[in-house]
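User: I'd like to learn how to read the features of a protein model. Could you walk me through them?

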Amino acid sequence: MAQRYVRVQTREGQIYYGLLQLNRQVQVLDAPPWLQGQPTDLELDAEQYKILAPCAPSKIVAVGKNYPNHAAEMGGEVPEEPLLFLKPSTSAIAAGVEIRYPAQSTRVDYEGELALVIGERCSDCTPEQAQNKIWGYTIANDVTARDLQAKDGQWTRAKGFDTFCPLGPWIVREVSPGALLQTFLNDSDRPLQSASIDQMVFAPDFLVSYISKVMMLLPGDVVLTGTPAGIGPMQIGDRVRIEIEGIGYLENSVVARTPVPPS
């Protein structure tokens, strides 16, 4: 099994990066792994930590309509160049954390995606250089308020709600180009989305290069590579599970968003 890099928080509130072992123990690293973090003598048992989103990005750069069949189901063609948008870092949540359904929307969709984690500063890179800037891979759900996306004519509100970017549960260093991405709701074994990631129009190295000519990517930043056909609504009470071969699965439940009391 590939090494699984996690980000965890202890009961005392300390946050660590580490290596997840088969027995669920975490061997703590002394720094984020993309910053040459090395194993320490500290090991955490499963009951001593909770899983966080596997990185803390300064920004999440996402790509729209990067699978031909998804572009078609959205009523359009694949863009001639990657279609970029941003999700705020505050939208990122971990596996198992609840997606909060906002009162402003009547349709909130899942979008299963392969996510790239950047390991080095990346600016004006060629695709060949960009390949070496991709440190690892994880799973994302680009949650979208579909009705607000249509209403607003641009995507910031629809894509930017808190909890609208589940990530995780961990990062692996490599993924097969033909890995299968599938999305499931609740206990169904019938995938609502199913595609190999090599069906994306613009490959990961091209995407990172293209983005780097617009904005500098920093270590720990995340790039969402687009979703295949089969997007659809989630209801309050649903559980959505996104699987990618060679990584694992990301599962989150959906609850109604309630006001957060002031701290």
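Analyst: Happy to; we will go from the domains to two single residues. This is a predicted model, in which local features need pLDDT of at least 70, side-chain atom pairs count only at pLDDT 80 or more, and totals for chains, interfaces and linings use all residues. Residues are numbered from 1 along each chain as its sequence is written, and side-chain values use heavy atoms, with hydrogens and water left out.

User: Which domains does the assignment give?

Analyst: Domain bounds come from an automatic or database domain assignment. Here they are domain 1 (4–52) and domain 2 (60–256). Taken over C-alpha atoms, the centres of domain 1 and domain 2 are 25 Å apart.

User: What area do domain 1 and domain 2 bury between them?

Analyst: The size of an interface is often given as the accessible area lost when the parts come together. Buried area is that loss with a 1.4 Å probe, summed over both parts. For domain 1 and domain 2 the value is about 930 Å², with 72% of it on carbon and sulfur atoms. R4, Y5 and W34 supply 65% of the area that domain 1 buries against domain 2, more than any other three residues.

User: How many residues are in contact across domain 1 and domain 2?

Analyst: Contact means heavy atoms within 4.5 Å. Ten residues of domain 1 meet eleven residues of domain 2 in this way. As for salt bridges (a side-chain nitrogen of Lys or Arg within 4 Å of a carboxyl oxygen of Asp or Glu), the count between domain 1 and domain 2 is zero.

User: Now a single residue: is T225 buried or exposed?

Analyst: Buried means under 20% relative accessible area, exposed over 50%, and partly exposed in between (1.4 Å probe, protein chains only). T225 counts as buried because its relative accessible area is 0%. The side chain of T225 reaches the backbone oxygen of L114 at 2.7 Å. Leaving aside neighbours within four places in sequence, T225 is in contact with residues including V63, Y67, L114 and M200.

User: And is E73 buried, exposed or partly exposed?

Analyst: E73 is partly exposed, because its relative accessible area is 37%. E73 lies in helix α1 (residues 68–73); helices are DSSP runs (H or I, at least four residues), numbered from the N terminus. Apart from neighbours within four places in sequence, E73 is in contact with P228, A229, G230 and I231.

User: What distance separates the C-alpha atoms of E73 and A103?

Analyst: E73 and A103 are 30 residues apart along the chain, and their C-alpha atoms are separated by 26 Å.

Terms used
Buried area = accessible area lost by both parts, 1.4 Å probe. Polar contact = N/O pair within 3.5 Å; in protein donor to acceptor, adjacent residues only side chain to side chain. Helix = DSSP H or I, 4+ residues; strand = E, 2+ residues; numbered from the N terminus.
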